[in-house]
Amino acid sequence: TVYPRLTGREFLRFSGRLRGIEAEELDKRIDFHQRLFDMHGWLDKRAESYSHGMIQRVVLSSAFVARASLYAIDEPLVGLDPASAETFHRMARSAAAGGAAVVISTHTLPVAHSFCHRLGIIHQGTLVKTLRPEEVAPGDLQELFFSITGTSPADVSQYFD
């Protein structure tokens, strides 16, 4: 989350300083992320006025500003417009290419299939299956999920009768 009384820039400075990034270097990284995620015009406004997508861009920037060796990100694309979602994908791939591990939790199976090198299916808090994307066709991943977890979508066929 972003503290609502802080501006996005203040939040990025706060989280960057917690990670021990020197002020001058941190300001360079924040400026880069401001351009990267198109945060001009609002990064210096209080977060209480932000949309969900704006908050998501600040939070993702907070993670990437650190240049960590491990990223664990829950539902990174929620609220993002297509350009920001693609920017996230490029940043995550770049981090991975640089040696970082990027772990993403998502319910969006096509995104997981197209983006990840390894897939894991978690059911009721337990990792029940791991596989590589090439082991299953993108259109079959949902059915595989249903069969592994024993779940299925509700029958709504008679709702509008």
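## Largest pocket

By class, the lining of the largest pocket comprises 20 nonpolar, six polar and two charged residues. In this classification Ala, Val, Leu, Ile, Met, Phe, Trp, Tyr, Cys and Pro count as nonpolar, Asp, Glu, Lys and Arg as charged, and the others, Gly among them, as polar. The structure is a predicted model, in which local features need pLDDT of at least 70 and side-chain atom pairs count only at pLDDT 80 or more, while totals for chains, interfaces and linings use all residues. Residues are numbered from 1 along each chain as its sequence is written, and side-chain values use heavy atoms, with hydrogens and water left out.

The volume of the largest pocket is about 800 Å³. Its lining is made up of 28 residues, and Ile104, Ser105, Thr106, Ala112 and Gly120 are those nearest the pocket centre. Two or more lining residues come from each of H4, S2, H5, strand S3 (119–123), strand S4 (126–131) and helix H6 (141–149). S2 gives the largest share, five residues. Helices (H or I, at least four residues) and strands (E, at least two) are DSSP runs, numbered from the N terminus. On a 1 Å grid over the protein atoms alone, a pocket is an open set of points with protein on both sides within 12 Å along at least five of seven lines, whereas a cavity is a set of points where a 1.4 Å probe fits but cannot get out; lining residues have an atom within 4 Å of a point. Grid points are joined across faces, edges and corners, and a volume is the space filled by probe spheres set on the points.

## Largest cavity

A search of the whole structure yields one cavity of 30 Å³ or more. The largest cavity has a volume of about 40 Å³, and its lining consists of Pro76, Leu77, Phe88, His89, Ile104, Thr106, Val111, Ala112, Phe115 and Cys116. Helix H4 (82–97) and helix H5 (109–115) are the elements that supply two or more of these residues, with H5 providing the largest share, three residues. Eight of the lining residues are nonpolar, two are polar and none is charged.

Ile104, one of the residues lining this cavity, is also among those nearest the centre of the largest pocket. Ile104 belongs to strand S2. Beyond residues up to four places away in sequence, Ile104 touches Ile73, Pro76, Phe88 and Phe115, where contact means heavy atoms within 4.5 Å. Ile104 and Leu119 are 15 residues apart in sequence, and their C-alpha atoms are 9.6 Å apart in space.

## Helix H4

The 16 residues of H4 should span 22 Å at 1.5 Å a residue, and the end C-alpha atoms are 22 Å apart, in agreement. The expected span is 1.5 Å times one less than the number of residues. At the start of H4, the backbone nitrogen of Ala83 has a side-chain oxygen of Asp81 within 3.1 Å. Gly99, which follows H4, has a positive phi near 105 degrees.

The buried residues of H4 are Ser84, Ala85, Thr87, Phe88, His89, Met91, Ala92 and Ala95; buried means under 20% relative accessible area, exposed over 50%, and partly exposed in between (1.4 Å probe, protein chains only). Their cover includes helix H2 (23–36), helix H3 (52–65), strand S1 (70–74), strand S2 (101–105) and H5. Within H4, Thr87 counts as buried because its relative accessible area is 17%. Apart from neighbours within four places in sequence, Thr87 is in contact with Leu36 and Phe37.

## Helix H3

For H3, 14 residues at 1.5 Å each should span 20 Å, which agrees with the 20 Å between its end C-alpha atoms. H3 is mostly covered, with ten of its 14 residues buried. Polar and charged side chains are represented here, since the buried set includes Gln56, Arg57, Ser61 and Ser62. Elements covering the buried residues of H3 include helix H1 (8–18), H2, S1 and H4. Just after H3, Arg67 adopts a positive phi of about 50 degrees.

## Overall chain

The chain contains six helices and four strands, arranged from the N terminus as α-α-α-β-α-β-α-β-β-α. Along the principal axes, its C-alpha atoms fill a box of roughly 55 × 45 × 25 Å. Of the 161 residues in the chain, 35% are buried. Among contacts between residues at least 6 apart in sequence, 53% join residues at least 24 apart.

Technical notes: Polar contact = N/O pair within 3.5 Å; in protein donor to acceptor, adjacent residues only side chain to side chain.
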